[in-house]
Amino acid sequence: MHRSFLAGSLAVALLSGTALSASAAEYFDRIASFPITSNLPKDSDQKAETVAEIISASEDGKLLVYTDSPRKALGFIDITDPASPQPGGMLAVGGEPTSVKVVGGKAYVAVNTSESFTNPSGKLVAVNLANRKIVAECPLPGQPDSVAAHAGILAVAIENERNEEINDGALPQLPAGALVVASLNGDALDCAALRTVDLTGLAAVAGEDPEPEFVDVSEDGKVVVTLQENNHIAIVDGKSGKVEAHFSAGTVDLKNIDTKKDGKIDLTGAMDKVAREPDAVHWIDGNRFVTANEGDWKGGSRGFTIFNKDGSVAYESGASLEHEIVSLGHYPDKRNKKGVEIEGIETGRFGNDTLIFVGSERGSVVAVYRDTGAAPELLQVLPSGIGPEGLLAIPSRNLFVSTSETDLHGEGGAAPHVMIYQRAERAAPAYPTIRSAKNAEGLPMGWGALSGLAADKTQAGKLYAITDSFYSAAPRILTIDATKKPALITAETLVTRNGAAAEKLDLEGIAVARDGFWLASEGNLEKGVKNLLIRTDAMGAIQEEINVPAELEKGAKNYGFEGVTVTGSGSEEIVWLAVQREWADDGKNAVKLLAYKPSDKSWSAVRYPLESAEAGWIGLSEITAAGDRVIIIERDNQIAEKAKVKRLYAVSLADMKPVTPGGELPLVRKTLVRDLLPDLKSAKGYVLDKVEGFAIDAAGDAYIVTDNDGVDNSSGETQFLKLGKL
C-alpha cells in the first residue's frame, strides 16, 4: 500500500570495490577516539560497567555531553581540539539517564527513576553547562526514553518499557507510555508547562499499550514519535499536543539475506512481511523523516526507511545496506535474526549537502548518505566502537560523533569509545582498508576473521588470506588484489574434504605450495581437536592432513598453530609452523617453531624467545619466509590503551637449525624489524588486539592484516595495511 523504490545510483555504488562516489570531494575520516573510562573518578570502581549511549553538544560544538546509564551520570568531553579530546568529568543525575539534549546553555536530561516495570517513574533534569550543576528537575509521568528539542519545542518519549521476561515480552504490559511536550522560553523550561499527550488507541498492535521509543522535532515544531513495539508512528503538533497523523510503520520483504546461525555467511535466505519496528527517527526536512528499523519485539527489517509526512514510503533500503556491510567484513553472523540491527539515525546539513547517518548496532559501523530528495546516495561507511548508539552531527565544525554502548573493559576487552570524525576534501576515505567484490550470483562475498596472509610468488599485489574457525562451516581461501585501494577480495575458494566443506578446522595460517597451499589448523587438545598441517590443491581440496608427532605435541594446550611458511626447495624444502604460546614443556617465555620436511616426512623444532607480558599473555601470530630470514608477528592479547607489544621480529635462517624430538631444542635469536603500534594507531581508533597476518609480495612490499573475530564482541574493524619495503 506504500510507494517505495530502490535507487539505481545506490545499487551501482554498492559493492563496487572502489570509492563509493567518484563525484564526492568531501569525506569523513576518524580523527580521534576517546575511551570513556578516562572520565571515571579515581575513587570509583574502575572495572564496573560504564557506557556512552546518547550524546549532544554545546551550541559552539566544543563540549560533548553523553549519558552513562550504569553510572547514573552525565559525562563531559572537551573537544575544543577535536583531534585531542579531553576528559571533562561526570555529574550524577539521581537516576539512569536515557537521553540528553542541549538547548542554549542547558542540557536537558531524561532520567529513569523507576522502581519496577509496573511502577515506572522519571524526571527531566536541567543542567547548567557553565558550572555543570543541576538547576531544575521536572517530574515525568513515567519512565522516559528519548528527549529532543527544536524550534522552541521540547519533547520526551515516555516509554514505560515492558518486562521481556513476562509472557516472552509480549504486549500489552501496562501502564501505557505517552508523549510529553512543552514550549521553551529560550533555554528555560517551566515544569508546569509540561503536557502529556495520550497515544493509546492509535496502533493496531497493542493499541492500549503504546511504548514510545524515540522523538524528534521539526523546524516547524512537529514531533515525530516512534512506537517501536507497536510498529507505529505518530506526528504530534508540539504546541497544541494534538495528534495530527499516525500510521503503521509497515512491513518489508527481505531477500538475499543470511537467516541461519551456522558458521557461514549465506545470502540465500528470505523473510517476508517483516515489521519495521523503528527505533531512532529524525526529520530530514519539514515533509520527510527517516527511521532506523531495529526491531525489538517481533520485527526489525535490517534497514532504514524514509517516510513522507503522510505515512507513505519515499524510500526503503531493504537489504542494500546490509549487503554493503557484508562486503566490508562487518556482518555479525551470530545475529541472524535481526542481522546488522540498524538502530541509530542522525541528519545534518554540511555545506550544500543534507547528510543522513545510519548506525548499525551489530555491524558497528555508521553509513553516510547524501539526501537527493529521492533515493539517498551512499557516500561512505565509517568504523565505530562496538555497538554505536548515539549519533551526532556538528555541521558548524564539519564534525560527526558516535558513541558506543557495549562495554567489555571489565573483561579485559575494549571500553566504550566516543569517536570523532571530520569532513574535509579527500581523494578517498581512509576506511575501509579492504572489502569484497561480488560473487557469481551478484552478491557480496561474505568474509571476516582474516587470520593469515600469504603472497603469490609471481604477481605483485596478489595475496591470499585464510578465515578462521568463526566460519567453521565454510573455511575459505580468499584472493586479494592489494593494488586496489581499498584492497579487494576478488575470489573465494572453499577448503574441502572429500568434496564437502572441511569441518572441525581452525585455519590460522596459509602459505603457497608448489601446486596449492599449506594451511595451519590450530588445535585444542582439551576439546579433542588436533593441530594439523594441511596441504590442499589449488582448488582448496585437501590432499594431506598431517599430525604432529606425539613426542612434539605432548605438552600442547589449547593454543597451537598460528602461522605457516615454506623455506628451501626440492628435497630441502621445509614447512615451518609457529605455535602461538608456550606448551607445558617449553619453559617460560619460549615457544616452538616446528619444522616439517615433506621429502622424508620428518619433524624437528627450535624454540623462539618471547617478550614478557605486562598483562595477559604474549604469543606468535604469523611466520613468513623473507629471503635469508623469517619474519614473525609477536603480540600481546591486549587492546586499546593496554596494548604494548605488536611487533615484527626477524630470525636468520642460518640460526634456525631444528633438532628432532627428544633433546633440548635450540633457542633462536631475534631482531626487531618493526614496532606495529604506530601503524595500528594511525587509524585514530583504538589499537586492535589481533594483528594476525603478514606477507611480502612479489615486489617486496609488506602487508599486515588484523583479525576481527567475525564481529563477535568486536567492532568488526579490519585494518589491512601496506607497510612498503622493510
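Let's start with a tryptophan you can find in the model above: Trp518 is buried, with a relative accessible area of just 3%. That counts as buried because the cut-off is under 20% relative accessible area. Keep in mind as you look around that this is a predicted model.

So what is Trp518 doing in there? Let's look at its ring. A pair of aromatic rings is described by two things, the distance of the centres and the angle of the planes. The structure holds 17 aromatic pairs, and a good one to begin with is Phe247 with Phe289. These two rings are stacked, with 6.4 Å from centre to centre and 15 degrees between the planes. Phe247 belongs to strand β17 (residues 243–248) and Phe289 to strand β21 (residues 288–292), so their pairing ties together parts that are 42 residues apart in sequence. Both Phe247 and Phe289 are buried.

Now back to Trp518, whose partner is Tyr596. Their ring centres are 6.5 Å apart and their planes are at 70 degrees, so this pair is edge-to-face. Trp518 sits in strand β39 (residues 516–521) and Tyr596 in strand β44 (residues 590–597), so here the pair ties together parts 78 residues apart in sequence. Tyr596 is buried too, with a relative accessible area of 2%.

Aromatic residues can also gather in groups. Phe28, Phe350, Phe357, Phe400 and Tyr421 form one aromatic cluster. Rings can have a charged group over them as well. Lys298 lies over the face of Trp297, at 4.7 Å from the ring centre. In another spot, the charged end of Lys670 sits over the ring of Tyr649, 4.2 Å from the centre of that ring.

Next, go to helix α2, which covers residues 320–327. How many of its residues are buried? The count is 8 of 8, so you can call this helix mostly covered. Among the buried residues of α2 are Glu322, His323 and Glu324, along with Leu321 and Ile325. Following α2 comes Gly329, which has a positive phi, near 80 degrees.

Keep going along the chain and you reach Glu341, in the loop between α2 and strand β24 (342–350). Is Glu341 buried or exposed? With a relative accessible area of 2%, Glu341 is buried. Which residues does Glu341 touch, if we leave aside its neighbours within four places in sequence? The answer is Glu294, Arg335, Gly359, Ser360, Glu361 and Arg362. Arg362 deserves a second look. Glu341 and Arg362 are 21 residues apart along the chain, yet their C-alpha atoms are separated by 5.7 Å. Their side chains also make a polar contact with each other, at 3.2 Å.

Let's finish with a sheet. Four strands line up in the order β46-β47-β48-β49, making an open sheet with antiparallel pairing. At the edges stand β46 (618–626) and β49 (671–675), and each has a single partner strand, so one side of each is left without a neighbour in the sheet. Neighbouring strands here are turned by 25 degrees against each other on average, direction ignored. For a detailed view, take β46 and strand β47 (residues 629–636): they run antiparallel and are joined by 8 bridges. Across that pairing, Ala626 stands opposite Arg629 in β47.

Note on methods:
Residues numbered from 1 in each chain as written. Heavy atoms only, no water. Pairing = 2+ DSSP bridges. Helix = DSSP H or I, 4+ residues; strand = E, 2+ residues; numbered from the N terminus. Axes fitted to C-alpha atoms, helices over the stretch in contact; angles between N-to-C directions. Phe/Tyr/Trp six-rings, centres within 6.5 Å; stacked < 30°, edge-to-face > 60°. Buried < 20%, exposed > 50% of the residue type's maximum accessible area, 1.4 Å probe, protein only. Lys NZ or Arg CZ within 6 Å of the ring centre and 35° of its normal. Contact = heavy atoms within 4.5 Å. Polar contact = N/O pair within 3.5 Å; in protein donor to acceptor, adjacent residues only side chain to side chain.
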